[in-house]
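I opened this notebook to keep track of what I looked up, entry by entry, in a structure that was new to me.

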Amino acid sequence: MSQAQPVIAIYPGSFDPLTRGHEDIARRTLRIADRLYVAVAYSPTQTKKSLFTVEERVEIIRDVFAGEPRVEPVAFRGLLVDFARERGARVVIRGLRAVSDFEYELQMAQMNRELWDEVETVFLAPELEYSFLSSSLVREVAGLGGDISRFVSAPVMARLEAKLGG
Ligand code: ADP
């Protein structure tokens with residue numbers, strides 16, 4: 001890859017909703033990449049019960065990164081590597097919170113490389129205070145009326161309150 005080529009990264013996930021842990025990973029990515037797609041996946045299996053629609057999640061990400069033109073939220077269907085190739089993104093970003101994330105993440109990285117040998121997966125570790133944080137925990141605690149303002153940004157908080165009638 002020539003020096004002049006911009007590094008375009010893609011950070012895929014469900015982001016239901018975006019947490020400060022996701023934000024931290026996205027901001028760290030901007031230290032090593034020129035542009036970043038935060039890519040919300042339409043889940044074909046819908047194993048997890050979702051709170052926000054994919055469109056709402058994209059809107060939330062747009063609000064949170066409104067001041068950062070290098071971040072572009074997008075929604076995608078189908079294989080990540082197909083979408084990444086379409087967008088010219090050869091770097092896939094994933095966050096690693098704990099060893100428990102590792103096995104699945106490594107499998108996925110290997111599979112993605114089998115599917116497209118030009119893609120590289122880069123794992124980033126979040127700030128320690130976010131290493132226990134997940135969207136599902138945020139949904140659960142918010143649903144039970146707990147204070148999650150430390151774990152999500154203001155635009156996320158506002159939409160959670162509207163959604164949950166708080
Ligand atoms: P998934 O739907 O695969 O569980 P998410 O949409 O929650 O993933 O998150 C997308 C990516 O962000 C994954 O790589 C996940 O490990 C990472 N991630 C989620 N929460 C955090 C966090 N608090 N700190 C660092 N990485 C995180």
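Before the first entry I set down one cut-off that I need: a residue counts as buried under 20% relative accessible area, as exposed over 50%, and as partly exposed in between. I also note that the model is a predicted one.

**Entry 1, a surface residue.** I looked up Leu-79, which sits in the loop between β3 (71-76) and α3 (80-87). Its relative accessibility is 43%, and therefore I recorded Leu-79 as partly exposed. I then found that Leu-79 belongs to a nonpolar patch on the surface together with Met-111 and Leu-115, and that the accessible area of the three together is about 270 Å².

**Entry 2, the sheet.** I followed the strands next and wrote down an open sheet of 5 strands, paired in parallel, in the order β3-β2-β1-β4-β5. The edges are taken by β3 and β5 (120-124), and because each of these has a single partner strand, one side of each is left without a neighbour in the sheet. From one strand to the next, the twist averages 30°. For the pairing of β5 with β4 (residues 91-95), I noted that the two run parallel and are joined by 5 bridges; one bridge pairs Arg-94 with Phe-123 in β5.

**Entry 3, helices across the sheet.** I checked which strands α3 lies across, and noted β1, β2, β3 and β4, with the helix running at about 135° to β3. Helix α1 (residues 20-29) lies across β1 (8-13), β2 (35-41), β4 and β5, and its direction is at about 170° to that of β1.

**Entry 4, how enclosed is α1?** I found that 7 of the 10 residues of α1 are buried, so this helix is largely enclosed by the rest of the structure. The buried residues are Gly-21, His-22, Glu-23, Asp-24, Ile-25, Ala-26 and Thr-29. Looking for what covers these buried residues of α1, I listed β1, β2, α2 (54-64), β4, β5 and α5 (135-143) as included in the cover.

**Entry 5, a residue of α2.** Is Val-58 buried or exposed? I located Val-58 in helix α2, and because its relative accessible area is 9%, I entered Val-58 as buried. Leaving aside residues up to four places away in sequence, I noted that Val-58 touches Val-40, Pro-73, Val-74 and Ala-75. I also looked up the pair Val-58 and Val-38, which are 20 residues apart in sequence and, from C-alpha to C-alpha, 8.5 Å apart in space.

Methods. Residues numbered from 1 in each chain as written. Predicted model: local features only at pLDDT ≥ 70, side-chain atom pairs only at ≥ 80, totals over all residues. Heavy atoms only, no water. Patch = residues over 30% accessible without salt bridge, like charges linked within 9 Å, V, L, I, M, F, W, Y side chains within 5 Å. Areas by Shrake-Rupley, 256 points an atom, 1.4 Å probe, with all protein chains shown as cover. Salt bridge = Lys/Arg side-chain N within 4 Å of Asp/Glu carboxyl O. Buried < 20%, exposed > 50% of the residue type's maximum accessible area, 1.4 Å probe, protein only. Pairing = 2+ DSSP bridges. Axes fitted to C-alpha atoms, helices over the stretch in contact; angles between N-to-C directions. Contact = heavy atoms within 4.5 Å.
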